[in-house]
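Subject: Structure for you to look at, with notes

Dear colleague,

I am passing on the structure we spoke about, and would be glad if you could open it before you read further. My notes come after it.

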Amino acid sequence: MSFPTIRVFDSPGPAVRELAREVGELIRSRAAVGRQAVLGLATGNTPRPFYQELGRLHREEGLSFANVISFNLDEYLGLADAHPESYRSFMHRELFEHIDLPAQNINLLSGSLPEADIPAHCAAYESSIRAAGGLDFQLLGIGSNGHIGFNEPGSSKDSRTRLIHLDRLTRRDAAASFGGLDQVPSQAITMGCGTILEARRIALLVWSEKKAAIVRDAIRGPVTNQVCASFLQEHPNTEFYLDREAAAAL
Ligand code: GLP
């Protein structure tokens, strides 16, 4: 078994600078031949410095996102689009407002649809990814239970974009930002593990000693649907970007 590449940095700064440079080169090389770059994006505290760096590359180094198509990983179900904790709001606040990504190229899952419309919405999302030519690059964080996107323990390796019930631990982790556990949605829509694993390149970022044990399980443990990030061990082009704390148990 070939484990994914592990990169350990003193702090998040150098890690996100290197990754943003790589993504910038992908975008520029595609633009040079009149093609688009398809990026899968993630939410959470972890990618914030990466998005700040992309914003800086746009502002200070003239990196244009005009030829980018983006797809976000997931969204809570039952939140109005404008709710401050919706991933749609997060993406606009943290990234889209700071770059020139055309609005029509932004793909976000909707958490405000009636449940009956969700299967068609998920199928259309999968079709849009395929129509764009598949994901060139997928950014990931990791949940305390090893989830990627919102693929909670038990999600199969070939799962596709779908409705999912959130794990207790996931909801507990989100409780503070929602102002209490009872305010955290109990369901979400997420790209599946199969959808994610089809990305041609994957970068999973982790900065926190609190995640050291789950990082170890994901990288060194058995490949199991109890820790969905462990599926990345079988992906041919994944890198884990860790700070020293997150790598402490490896
Ligand atoms: C949520 C998101 C994940 C993210 C995780 C970790 O569960 N659905 O995509 O990786 O949170 O978030 P944080 O980076 O804030 O620890």
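What follows goes through the sheet, the helices that lie on it, one buried residue, and then the cavity and the pocket. Please keep in mind throughout that this is a predicted model.

The sheet is open and is formed by seven strands, which pair in the parallel sense and are arranged in the order S1-S10-S9-S6-S2-S3-S5. Strands S1 (5-9) and S5 (106-107) are its edges, and because each has a single partner strand, one side of each is left without a neighbour in the sheet.

Starting from the S1 edge, S1 and S10 are joined in the parallel sense over five bridges, and Val8 has Leu242 of S10 as its bridge partner. The pairing of S9 with S10 is likewise parallel and runs over five bridges, with Ile202 standing opposite Thr238 in S10. Strand S2 (residues 37-41) pairs in the parallel sense with strand S6 (residues 137-140) over two bridges, and here Leu39 is matched with Phe137 in S6.

Strand S10 deserves a separate look, since six of its six residues are buried. In a regular strand the side chains alternate between the two faces of the sheet. In S10, Thr238, Phe240 and Leu242 point one way while Glu239, Tyr241 and Asp243 point the other way, and all are buried.

Two of the helices can be placed against these strands. Helix H1 (residues 12-32) lies across S1, S2, strand S3 (68-72), S6, strand S9 (202-206) and strand S10 (238-243), and runs at about 150 degrees to S2. Helix H7 (residues 212-220) lies across S1, S9 and S10, at about 155 degrees to S10. Helix H3 can be described through its buried residues, namely Tyr87, Ser89, Phe90, Met91 and Glu94, and the buried residues of H3 pack against S2, helix H2 (48-61), S3 and S4.

What surrounds Ser70, a residue of strand S3? Leaving aside neighbours within four places in sequence, Ser70 is in contact with Leu39, Leu41, Phe96, Leu101, Asn105, Ile106 and Asn107. The relative accessible area of Ser70 is 1%, and since buried means under 20%, Ser70 counts as buried.

Leu39, Leu41 and Leu101 appear again among the residues that line the largest cavity, together with Leu54, Phe65, Val68, Leu95 and Ile99. A search of the whole structure finds one cavity of 30 Å³ or more, and the volume of the largest cavity is about 30 Å³. Its lining divides into eight nonpolar residues, no polar and no charged.

For your own work the largest pocket may be the part to open next. The space in the largest pocket comes to about 910 Å³, and 33 residues line this pocket, of which Gly44, Asn45, Tyr87, Asp173 and Lys211 lie nearest its centre. Strand S4 (74-76), helix H3 (87-94) and helix H5 (168-178) each supply at least two residues of that lining, and the largest share, five residues, comes from H5. By type, the lining of the largest pocket divides into 13 nonpolar, 13 polar and seven charged residues.

With best wishes

Terms used. Residues numbered from 1 in each chain as written. Predicted model: local features only at pLDDT ≥ 70, side-chain atom pairs only at ≥ 80, totals over all residues. Heavy atoms only, no water. Pairing = 2+ DSSP bridges. Helix = DSSP H or I, 4+ residues; strand = E, 2+ residues; numbered from the N terminus. Contact = heavy atoms within 4.5 Å. Axes fitted to C-alpha atoms, helices over the stretch in contact; angles between N-to-C directions. 1 Å grid on protein atoms, 1.4 Å probe; cavity = no way out; pocket = protein on both sides within 12 Å on 5 of 7 lines; lining within 4 Å. Points joined across faces, edges and corners; volume = space filled by probe spheres on them. Nonpolar A, V, L, I, M, F, W, Y, C, P; charged D, E, K, R; others polar. Buried < 20%, exposed > 50% of the residue type's maximum accessible area, 1.4 Å probe, protein only.
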